[in-house]
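Visitor: I would like to learn how to read a structure like this one step by step. Could you show me the general idea each time, and then the case in front of us?

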Amino acid sequence: MADASYTSTPQDYDTQLGDYFALMKPRVMSLVVFTALVGLLAAPVAVNPVVAFCSILFIAIGAGASGALNMWWDADIDGVMQRTAKRPIPSGRVPAGEALSLGIALSGLSVMMLGLAANLLAAALLAFTIFFYAVIYSMWLKRATPQNIVIGGAAGAFPPVIGWVVATGSASLEAWLMFALIFMWTPPHFWALALFMKSDYNDADVPMLTVTHGRKVTRLHILGYTGLLALLAVGTGLSAVGGPLYLAVAVIFNALFLKGAVEIWCRDEVQAEADGYAVEKKVFRLSLWYLFAHFGAILIEAMMRPFGLGGW
Amino acid sequence: MTFRPEHELHTRRRGRNVGVGLLLGGFVVLVLALTVAKVTSGDFELPKAEELSQ
């Protein structure tokens, strides 16, 4: 075929490699890499470093693939939300069909390679996670119920379990405690965001709790979930992945997070608008540090164990 | 013999094509490293000669 038949104008989808990378939600991938690595290293079985590296890489690629599928499906609503309007598909940098192809191809590749690198259970869990995020959350729950974030949060909670399964071949209580930590953390994290990204979800008709039940109810839900999360996070400190350092971190961060949740609950929209949602933004930022601190503490406890330190 | 001049499209997509090439090369290296790690880890055993002959 002559080159002339490929001719396209520069503005027509002159997609660069970075645009494909952006489709994979690199910030979410970094969280997935970190939590999966913690799950893998906290497990009581040592893993060959090359196998560990490959496994984490394929888990990250699987997460990226589900991100691309999510962007393909959500391109219509991403275009109307301020926070997501610059994503590769709504901004016209990547054709939607290419995002779908990339998502499907990388899903298959990552699951197959994780099965070869680690074990079939880890691969099956990764496949389920991709399915859960792309189909159950993106295609079904997100536009159907205000519980979208609550149930959909499970997709983001699987990576440490997969990391643990890579090392041990099975998922024990400690792996599910790490799952529960992310699962319970997700709703207050996203609801804090929804409070200050006020018009986005309204504009896109996404039934976030703020849209369907109002902002006062959302504030109460943040407080309720944060209370349950605190019990779970501190309780995890008494398990095999916990230890004195983790417990100290958990007590401090949960006290701060609870304090923030109470402050959010005590405010109304007039107060929030007056200071530009300062408290909601502060709690959202704190929630990022919260997760990093908990998983960081689990990692340090695991790293200290070979030296007779860490753990109980 | 004359070479056709490079199409403008190739110039525009050079960065992307080089990137894809590097990624594919990296994948090959990764599979090789994984194979070596698996074969030398002790979990992997070649079948015995008598098993093969049966």
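Visitor: What share of the contacts in chain A with a separation of 6 or more comes from residues 24 or more positions apart?

Guide: Two residues are in contact if their C-beta atoms, placed from the backbone, lie within 7 Å. In chain A, among contacts with a separation of 6 or more, 73% join residues that are 24 or more positions apart. Please keep in mind that this is a predicted model, in which local features need pLDDT of at least 70 and side-chain atom pairs count only at pLDDT 80 or more, while totals for chains, interfaces and linings use all residues. Residues are numbered from 1 along each chain as its sequence is written, and chains are lettered from A, with ligands numbered from 1, in the order in which they are written.

Visitor: How many helices and strands are there in chain A?

Guide: Helices (H or I, at least four residues) and strands (E, at least two) are DSSP runs, numbered from the N terminus. Chain A has 14 helices and zero strands.

Visitor: Which radius of gyration does chain A have, and what would a compact globule have?

Guide: The radius of gyration is taken over C-alpha atoms, and the globule rule is 2.2 Å times the number of residues to the power 0.38. For 312 residues a compact globule would come near 20 Å, and chain A agrees with its 21 Å. Along the principal axes, the C-alpha atoms of chain A fill a box of roughly 70 × 55 × 30 Å.

Visitor: How many domains does the assignment give, and where do they touch?

Guide: Domain bounds come from an automatic or database domain assignment, and for chain A it gives domain 1 (21–170) and domain 2 (172–312). Their centres, taken over C-alpha atoms, are separated by 21 Å, and the contact takes 26 residues from domain 1 and 25 residues from domain 2. On the side of domain 1 that touches domain 2, helix 2 and helix 7 of chain A are the elements that give two or more residues, and helix 7 provides the largest share, with 10 residues.

Visitor: Which residues of helix 2 of chain A are buried, and what covers them?

Guide: A residue is buried if 20 or more other C-beta atoms lie within 10 Å of its own, exposed if 12 or fewer, and partly exposed in between, with C-beta atoms placed from the backbone. Helix 2 (residues 26–42) of chain A has 17 residues, and its buried residues include Leu31(A), Phe34(A), Ala36(A) and Gly39(A). Their cover includes helix 3, helix 7 (148–168), helix 8 and helix 14 (278–304) of chain A. In chain A as a whole, buried residues make up 48% of the 312 residues.

Visitor: Which residues have the most contacts inside the largest nonpolar core?

Guide: A nonpolar core is a set of buried Ala, Val, Leu, Ile, Met, Phe, Trp, Tyr and Cys residues joined through C-beta atoms within 7 Å. The largest one has 103 residues, and those with the most contacts inside it are Ile59(A), Ala68(A), Leu114(A), Val161(A) and Ile162(A). Helix 8 (residues 173–196) of chain A gives the largest share of this core, 15 residues. Leaving aside residues up to four places away in sequence, Ile162(A) touches Ala36(A), Gly39(A) and Ile59(A), among others.

Visitor: How many residues of chain A are in contact with chain B?

Guide: Here 12 residues of chain A are in contact with 11 residues of chain B, and helix 3 of chain A gives the most to chain A's side, with three residues.

Technical notes
The expected span of a helix is 1.5 Å times one less than its number of residues.
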